[in-house]
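Q: Please take a close look at one part of this model. Begin with its rings, then follow the neighbours outward.

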Amino acid sequence: MIEEFLRYLTLESGYSPLTVSAYRLDLSQWADYATGGRPEELVVTDVTTSDLKTWIAEEAEKVSSRSLRRKISSLRSFFKFLLKQGVITVNPATRLKMPKLPHPLPVNIRPEETEKILETPGHQLPFAERRNRLIFDLLYSTGMRCSELIGLTDAAVNTTSGELKVVGKRNKERVIPFGPQLARDIDDYRSLRDSSPETAISPRDPSAPLLVLDNGKPLYRKMVYNVVHRMMIEGGAHASRLSPHVLRHSMATDMLNSGAPLSSVQQLLGHASLTSTQVYTHVTFRDLQHNYQLAHPRAQTKKGGQYGH
């Protein structure tokens, strides 16, 4: 039943391979626990809420709140599927409670740090460095996720109109605009890419990726992470984390700081709810407080003490 459920997630619900893989791991661990290491003997109709709570209580001592929430979500989705299929008549996972999560602010790097990293003109670089620079620029300029960048097809990028189409979570497609400088860099990269038989793509293949490795194969997550991490370190970026997702946070924060409406940033990021985007307003307010304390006479350090705190 677990394999049938995972196929359902992939083929009918449009879940990403990463999500399906995570659900597979969670449910396999639970099935091993529930059967004493004999998951082939699992009888889902015998499972009770108490059984599930016992496993969750043990997992709570070993994993983070975020991982525990995912495990509970996996169980909820699995038993909801079984109920829908008529395999069970009562859902034992309905009353499972999600643990609360801390709400740390998104990590971002400063606009001047981004500019420093991208200051070298892209057309002066060899293929690998030009591609790496474009990886960084695309992530920052569009706010797309790492998975969306890896899945970005060449046909989905129109440098004439300055638009690209990405496929986000739940296979939702959205259009993201970009500026003329990035359009020129993409055109330059394409010319260099297609000038070599090793990296050239077929213009008749709609699934051909925009960005490729030196051998012409598609990018992969670890490679993108390493590229961005190294460029941030070499560029002197200051942040508690240096990863592709930090560029997504940075794009959202910089746009809000520059006066973009929250709803526009929500649309660019592909957030289903405005609540997900509102977290960036806390980051911009933190910057506002910092700038106020630096610039306002009554907020600066005086002989009599510190104002504005």
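A: The ring cluster and its surroundings

Phe 5, Tyr 8, Tyr 15, Tyr 23, Trp 30, Phe 78, Phe 79 and Phe 81 are joined into a cluster by ring pairs. The model is predicted. Nine aromatic pairs are found in the structure. One of them joins Trp 30 to Phe 79 in an edge-to-face arrangement, with 5.6 Å centre to centre and 75 degrees between the planes. Trp 30 sits in helix H2 and Phe 79 in helix H4, so this pair links distant parts of the chain, 49 residues apart. Trp 30 has 2% relative accessibility, so it counts as buried. Phe 79 is buried too, because its relative accessibility is 0%.

A second pair can be set beside this one. Phe 127 and Tyr 189 are stacked, 5.7 Å centre to centre, with 20 degrees between the planes. That pair also links distant parts of the chain: Phe 127 belongs to helix H6, Tyr 189 to helix H8, and 62 residues separate them. Phe 127 counts as buried at 14% relative accessibility. Tyr 189, with a relative accessible area of 0%, is buried as well.

Back to the cluster. One of its rings, Tyr 15, has a charge over it. The charged end of Arg 170 sits there, 4.6 Å from the ring centre.

Now the helix that carries Trp 30. Helix H2 covers residues 17-35, a run of 19 residues. From first C-alpha to last it reaches 27 Å, close to the 27 Å expected at 1.5 Å a residue. Gly 36 follows H2, and its phi is positive, near 65 degrees. The buried residues in H2 are Val 20, Ala 22, Tyr 23, Asp 26, Leu 27, Trp 30, Ala 31 and Thr 35. An α-helix has 3.6 residues a turn, so residues three or four places apart point the same way. The buried list can be read with that in mind: Tyr 23, Asp 26, Leu 27, Trp 30 and Ala 31 are among its members. What do these residues pack against? The buried residues of H2 meet helix H1 (2-11), helix H3 (49-60) and helix H4 (65-84).

Charged side chains come next. Asp 26, buried in H2, belongs to a salt-bridge network that also takes in Glu 59, Lys 62, Arg 70 and Lys 71. Side chains of opposite charge can pair when their charged atoms come close. In one such bridge, Glu 59 pairs with Lys 71, and the closest N and O atoms are 3.7 Å apart. Glu 59 is in helix H3 and Lys 71 in helix H4, so the bridge ties together parts twelve residues apart in sequence. Glu 59 has a relative accessible area of 8%, so it is buried. Lys 71 is buried at 4%.

The count of salt bridges comes to 13. Two others can be followed into the rest of the chain. Glu 148 and Arg 174 meet through their side chains at 2.9 Å, N to O. Glu 148 lies in helix H7 and Arg 174 in strand S3 (residues 173-177), distant parts of the chain 26 residues apart. Glu 148 is buried, with a relative accessible area of 2%. Arg 174 counts as buried at 11% relative accessibility. The other bridge joins Arg 190 and Asp 154 at 3.0 Å, N to O. It links helix H8, home of Arg 190, to the loop between H7 and strand S1 (157-158), which holds Asp 154, 36 residues away. Both partners, Arg 190 and Asp 154, are buried.

Last, the nonpolar cores. The largest one has 51 residues; Ile 135, Phe 136, Leu 138, Leu 164, Leu 211, Val 224 and Met 232 touch the most other members. Elements giving it two or more residues are helix H6 (127-142), helix H7 (146-150), strand S2 (163-167), helix H8 (180-194), helix H9 (221-234), helix H10 (244-257) and helix H11 (262-269). H6 supplies the largest share, seven residues. Trp 30 belongs elsewhere: another core, of 26 residues, lies apart from this one and includes Trp 30, Leu 9, Ile 56 and Ile 88. Trp 30 thus recurs: in the ring cluster, among the buried residues of H2 and in the core of 26 residues.

How values were computed
Residues are numbered from 1 along each chain as its sequence is written. This is a predicted model: local features need pLDDT of at least 70, side-chain atom pairs count only at pLDDT 80 or more; totals for chains, interfaces and linings use all residues. Side-chain values use heavy atoms; hydrogens and water are left out. A nonpolar core is a set of buried Ala, Val, Leu, Ile, Met, Phe, Trp, Tyr and Cys residues joined through side-chain atoms within 4.5 Å. Buried means under 20% relative accessible area, exposed over 50%, partly exposed in between (1.4 Å probe, protein chains only). Helices (H or I, at least four residues) and strands (E, at least two) are DSSP runs, numbered from the N terminus. The expected span of a helix is 1.5 Å times one less than its number of residues. Contact means heavy atoms within 4.5 Å. Rings of Phe, Tyr and Trp (its six-membered ring) pair if their centres lie within 6.5 Å; planes under 30 degrees apart count as stacked, over 60 as edge-to-face and the rest as tilted. A charge sits over a ring if NZ of Lys or CZ of Arg is within 6 Å of the ring centre and within 35 degrees of the ring normal. A salt bridge is a side-chain nitrogen of Lys or Arg within 4 Å of a carboxyl oxygen of Asp or Glu.
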